[in-house]
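This report introduces a cavity and some details of the backbone. Please look over the sequence and the model before reading on.

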Amino acid sequence: METAILFVLVLGLLFVGVPVAVSLGLSSILLIAFFSNDSMSSVAIQLFTASQNYTLLAIPFFVLASAFMSTGGVAKRIIRFAIATVGHFRGGLAMASVLACMLFAALSGSSPATVVAIGTIAIAGMRQVGYSKDFAAGIIANAGTLGILIPPSIVMVVYSAATDVSVGRMFLAGVVPGIVAGLMLMTAIYVVARIKNLPAEPWRGISEILNGGKEAGWGLFLIIIIIGGIYGGVFTPTEAAAVAAVYSFFIAVFIYRDMGPMAGIPWTNDDDSRSSRAGFSGVVYALAFYFVWMILSFFATNESETITFADRSNLGLVIALVLMIAYTAWRGERGIAGVPAAIMAGLPIWGRNLKLMGRNFGRAFFNEDTRKVMVDASKTTIMLMFIIVNALLFAHVLTSERIPDAITDLMLGYGFTWFTFLIAVNILLLIGGQFMEPSGLLLIVAPVVFPIAMELGVDPVHLGIIMVVNMEIGMITPPIGLNLFVTSGITGMSLVQVVRAALPFVAVLFAFLILVTYVPGLSTWLPYSLMGPEIVTR
């Protein structure tokens, strides 16, 4: 009886246009107040417990990191690198857009952010070289969904909070499926490009790939910090999110200078000599290598008792010194003999930039660009957390009324196996994903299906990836597909046009969903190879 009342309340409120979060929270409170033996004090306790959830604390930090990366010019550098890598294939600009979405997804953890950051630039670029607007919009709408599959993923954090599954294992579990999904989309694009004779970009050589990678490197290194730090046992996923937010702010404001008080000010000027530029760049590359070396070597050897900080530092300094001399001699005017003079000539450039950064350090925190990023990130965080807290209250009611147990007994009584159960889960999520935001839907469904999955022997990490892929498809299916609205907004196309444009490539994601559902190794091989199996106490 209580089960029917709860779901009738939720569906009725949604039908009359009440927001999802309010529908979930209000239905839960009404059921507890009038139909349940549970105490109203449990509402306050549950809301307090949800607000104190350490895992969920990662969400605002990942949202903030995504906001800085989206605003700080990382997207255009990633797109340049992607075009240099795969642009020379038939349909290469569209394939590069998918690759750029994959790379940006590994920085943002958000599908809408990926669509906005990459789509704003990539769709205009594809239109300029002859792609149809529908084709370009369909590509970006589908590729943007990889934002919640490739780690770090906010949706994975939500799943982990709802089921107590390791966030670190979930992040690693998304790596291989994310790559496979991207390759499947690029393969489909290549086939269509051959049929429609779509254009290919000219091959610009290895040097363009290296230059593109060099420009995007500071942004892409965030992937190493997050995944390497978690896997290396240096920090938890929540701590990794905090580090990512600080790193993203520093890169966007002080390194790339695409926002903040130093926006548009280059590191070197046109009147700097070739020798001074070579010396300055040589020192930059040496310091960058030493910085990356110390971080990566720490991740790899932090549990070693034989390798000390001095050992890592000395080796890194030697390699960095060789790199500095080699680059300065290559780019300088007098070869290796001119290295000392070039480095000395580069010191004024260092002085000029360090003074500039020192003068603007305090202003960077209170600049209008920084304030706007913080406000936008705060709005997104409040929206997500309001949905999550109400969904957790709804999940508490489900648990207190023993609804998951009843559904488990019912499904087992009807002879469900893991195979048929996963079909049912996919159908449920595909339908629900058309009408609800991913985090809220996942928090409703996960507490119900998780106990059943454990009884039937479904791996908890595998189940999580299946649910995330379903959320991907939900984001590009009407009427509430969020990526459809975002794509419509950046292209000026109507929602119907975007749906029609995205539809052919949705078939690729459906095929990918079947592959992920029934090939568990895609999801479990990497996390269990590196971190061991997930232990679930029933």
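What volume does the largest cavity have? In this predicted model, the largest cavity has a volume of about 30 Å³, and the count of cavities of 30 Å³ or more comes to one. Its lining is made up of Gly168, Phe171, Leu172, Ile227, Ile230, Tyr231 and Met531, a set that divides into six nonpolar residues, one polar residue and no charged ones. Two helices, α10 (167-173) and α12 (206-231), each supply at least two residues of this lining.

The backbone also has features worth following along the chain. Proline 151 and proline 152 are joined by a cis peptide bond, with omega at about 0°, and proline 152 is found in the loop that runs between α8 (133-143) and α9 (154-163).

Positive phi values occur at two residues that are not glycine, as the table sets out.

| Residue | Phi | Loop | Relative accessibility |
|---|---|---|---|
| Aspartate 164 | near 65° | between α9 and α10 | 68% |
| Asparagine 197 | about 55° | between α11 (175-196) and α12 | 55% |

Is aspartate 164 buried or exposed? Aspartate 164, which lies in the loop between α9 and α10, counts as exposed because its relative accessibility of 68% is over the cut-off of 50%. Asparagine 197, in the loop between α11 and α12, likewise counts as exposed, because its relative accessibility is 55% and exposed means over 50%.

Terms used: Residues are numbered from 1 along each chain as its sequence is written. This is a predicted model: local features need pLDDT of at least 70, side-chain atom pairs count only at pLDDT 80 or more; totals for chains, interfaces and linings use all residues. Side-chain values use heavy atoms; hydrogens and water are left out. On a 1 Å grid over the protein atoms alone, a cavity is a set of points where a 1.4 Å probe fits but cannot get out, and a pocket is an open set with protein on both sides within 12 Å along at least five of seven lines; lining residues have an atom within 4 Å of a point. Grid points are joined across faces, edges and corners, and a volume is the space filled by probe spheres set on the points. Helices (H or I, at least four residues) and strands (E, at least two) are DSSP runs, numbered from the N terminus. Ala, Val, Leu, Ile, Met, Phe, Trp, Tyr, Cys and Pro count as nonpolar, Asp, Glu, Lys and Arg as charged, and the others, Gly among them, as polar. Buried means under 20% relative accessible area, exposed over 50%, partly exposed in between (1.4 Å probe, protein chains only).
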